[in-house]
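Here are a few exercises to work through with the coordinates open. Try each one yourself before reading its solution.

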Amino acid sequence: MTGRGFWKRWSDALYLPECLKGMAKTLVRFFQPKFTLSYPEEVHVPRPGYRGEHRLKKDEQGRVKCVACMMCRTACPAECIYIEGGPSPWPDRDKVPRVFTIDLLKCIYCGMCQEACPCDAIELTTVFTRVASSREDKVYDLEKLLSR
Amino acid sequence: MASVLKMLFALGFAVGLVPVAVYLERRVSAFIQGRLGPNRVNIPLIGRLGGILPGGLAQPVADVVKLLFKEDIIPLRADRVLFLLAPLLVFLPPAVGFAVIPFGNRIGDEALQVADLNVGILFTVSILSVSVYGLAFAGWASDNKYSIMGGLRAAAQLLSYEVTLGLCVVTALMFSESLDPRTIVERQARGILGWNILGGGDLWRAPFGIVAGLLFFIAALAENKRLPFDLPECDAELVGGFHTEYSSMKFALFFMGEYVGMVLMSALWVTFFWGGWHLPGVTDPSSATLLQGILSVLVFSAKVLAVLLLYIWVRWTLPRFRYDQLMDLGWKRLIPIALANLVAVAALGALRGGPR
């Protein structure tokens with residue numbers, strides 16, 4: 001507790017310079033642009049690579065690309081994908097999906113299905129705002145997945 | 001008749017500024033944090049008047065409606081009498097304190113002040129102490145460990161900082177040589193250099209005026225339980241502190257009491273240190289016309305509003321003190337400084353041979 005150290009500690013504990021620094025900071029922040037989007041009027045556009053709801057792709061002839069190989073179902077950590085394969089009407093593949101449902105309430109949007117797919121048939125879109133009025137509506141079937 | 005009007009105005013001023021302060025609080029805090037804040041609830045029928053008004057002006061009304069319709073719960077083991085008395089004791093004293101604040105110069109022979117008490121300062125300071133009882137009662141009557149901690153903290157904090165507050169007020173009234181708020185303002189109504197924050201007309205005293213003014217504001221923050229001194233109700237430690245068990249309108253009374261207290265403290269600061277209703281070039285202290293009277297009220301309101309903004313700005317900048325730091329700051333720093341300041345002002349006055 002010698003002279004100078006005491007007074008320094010004493011005045012430090014007044015916190016005044018720090019308070020003023022902080023208030024200068026918040027004053028600047030007050031006038032800076034805000035991050036908030038006014039939602040219904042302004043919609044957030046996700047950057048490319050955002051993992052939203054799924055879609056199944058079609059090839060150039062409009063046929064479903066999926067060959068019901070079950071790779072995505074195997075890769076899925078949430079086990080939200082259900083696939084039933086059926087015989088293919090086309091000569092270049094053995095199977096096509098007859099049933100393909102994704103339970104989006106179970107899905108954790110990790111994108112593993114997209115990475116696992118050998119045919120580049122499933123994809124996560126940037127859609128994130130779709131709502132449903134029942135749990136069943138959030139279980140997307142083949143038709144819904146292909147319609148995107 | 002005139003005094004009834006003045007009473008209504010003073011009460012309306014105190015209570016009417018509450019929604020304004022609430023709105024400002026929410027919008028300013030949002031802006032500081034990079035958000036927009038409530039901007040959807042507009043005034044019915046006129047809305048935003050085609051973009052002239054900012055959005056969300058009716059948000060405080062919506063808040064009040066929400067509070068009114070909430071269930072009013074009194075805990076089974078609460079002390080009912082004290083439990084009901086406490087919100088009133090918190091809300092009423094600051095509202096009553098407005099009786100002696102001169103909110104304007106004069107219109108004709110009517111001084112714009114409800115009661116021209118010659119001991120007005122003593123009246124306000126004593127009336128302010130009453131709200132400590134409200135807080136302590138609320139904490140005790142709730143029969144809740146968080147509440148009683150909050151009540152105890154409130155009592156200790158308010159008592160500690162009242163000392164600093166009182167010493168700073170004494171400094172101001174040594175500048176003005178009066179206990180009458182009206183006289184204090186009139187003494188300051190000689191240009192900006194006449195304001196007590198700048199020494200009340202004597203530049204030698206300006207440093208002491210600034211110190212006293214600053215300490216008064218810090219003590220006022222603590223008296224209003226505002227951040228960084230909101231320990232009586234800090235949510236992180238005490239849920240809601242002394243008002244944990246209060247709901248509906250009783251909670252609203254605590255809430256309004258806090259804001260009315262803020263308005264009163266701002267008004268006191270403005271009166272004691274910032275020249276009250278006077279602003280050079282706008283108000284003319286010697287004139288008693290209607291226009292001048294209204295102008296002086298407007299100047300006073302603008303000053304109070306500016307101080308409220310400062311309150312809000314401080315709140316959303318500074319983190320909360322620890323309780324021992326709070327007591328350290330109060331007893332080991334603010335009170336010695338305020339005392340030394342007071343002694344210096346007295347010594348200066350004695351050395352330089354009386355006023356001016």
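One cut-off before we start: a residue is buried if 20 or more other C-beta atoms lie within 10 Å of its own, exposed if 12 or fewer, and partly exposed in between. Keep in mind that this is a predicted model.

**Exercise 1. Classify Ala95(B) as buried, exposed or partly exposed, and describe its surroundings.**

Solution.
- Step 1: find the residue. Ala95(B) sits in helix α3 of chain B, which covers residues 80-97.
- Step 2: count. Ala95(B) has 19 other C-beta atoms within 10 Å, so it is partly exposed.
- Step 3: list the contacts. Skipping neighbours within four places in sequence, Ala95(B) is in contact with Leu11(B), Ala14(B), Val15(B) and Val260(B).
- Step 4: look along the sequence. Gly257(B) is 162 residues away from Ala95(B) in sequence, yet their C-alpha atoms are 8.2 Å apart in space.

**Exercise 2. Work out which residues have the most contacts inside the largest nonpolar core, and which helix gives this core its largest share.**

Solution.
- Step 1: size it up. The largest nonpolar core has 92 residues.
- Step 2: pick the best connected. Cys168(B), Leu215(B), Phe216(B), Ala219(B), Val263(B) and Trp269(B) have the most contacts inside this core.
- Step 3: assign the share. Helix α9 of chain B, residues 248-273, brings 16 residues, the largest share of the core.
- Step 4: check for another core. There is a second, separate one of 14 residues, and Cys66(A), Ala68(A), Cys72(A) and Cys107(A) are among its members.
- Step 5: zoom in on one residue. Not counting residues up to four places away in sequence, Leu215(B) touches Thr164(B), Cys168(B), Leu334(B), Ile337(B) and Ala338(B).

**Exercise 3. Describe the overall layout of chain A, starting from its radius of gyration.**

Solution.
- Step 1: compare with a globule. For 148 residues, a compact globule would come out near 15 Å, but chain A has 27 Å.
- Step 2: get the box. Along the principal axes, the C-alpha atoms of chain A fill roughly 95 × 40 × 30 Å.
- Step 3: split the chain. Domain 1 spans 1-32 and domain 2 spans 54-146, and their C-alpha centres lie 59 Å apart.
- Step 4: check burial. Of the 148 residues of chain A, 11% count as buried.
- Step 5: read off the elements. Chain A has five helices and five strands, running α-α-β-α-β-β-α-β-β-α from the N terminus on.

**Exercise 4. Give the strand order of the open three-stranded sheet in chain A and find its edges.**

Solution.
- Step 1: write the order. The sheet runs β2-β3-β5 in chain A, with antiparallel pairing.
- Step 2: spot the edges. β2 (81-87) and β5 (139-140) of chain A each have a single partner strand, so one side of each is left without a neighbour in the sheet.
- Step 3: count bridges. Seven of them join β2(A) to β3(A), which covers residues 95-103.
- Step 4: take one pair. Gly85(A) has Pro97(A) in β3(A) as its bridge partner.

**Exercise 5. Characterise the side of chain B that touches chain A.**

Solution.
- Step 1: count both sides. 13 residues of chain B are in contact with twelve residues of chain A.
- Step 2: name the helices. α1 (2-32), α10 (290-315) and α11 (323-351) of chain B each supply at least two residues of this side, and α11(B) gives the most, with three.
- Step 3: sort by chemistry. The chain B side divides into eight nonpolar, two polar and three charged residues.

Conventions
Residues are numbered from 1 along each chain as its sequence is written. Chains are lettered from A and ligands numbered from 1 in the order in which they are written. This is a predicted model: local features need pLDDT of at least 70, side-chain atom pairs count only at pLDDT 80 or more; totals for chains, interfaces and linings use all residues. Domain bounds come from an automatic or database domain assignment. Two strands pair if DSSP finds at least two bridges between them. Helices (H or I, at least four residues) and strands (E, at least two) are DSSP runs, numbered from the N terminus. A nonpolar core is a set of buried Ala, Val, Leu, Ile, Met, Phe, Trp, Tyr and Cys residues joined through C-beta atoms within 7 Å. Two residues are in contact if their C-beta atoms, placed from the backbone, lie within 7 Å. Ala, Val, Leu, Ile, Met, Phe, Trp, Tyr, Cys and Pro count as nonpolar, Asp, Glu, Lys and Arg as charged, and the others, Gly among them, as polar. The radius of gyration is taken over C-alpha atoms; the globule rule is 2.2 Å times the number of residues to the power 0.38.
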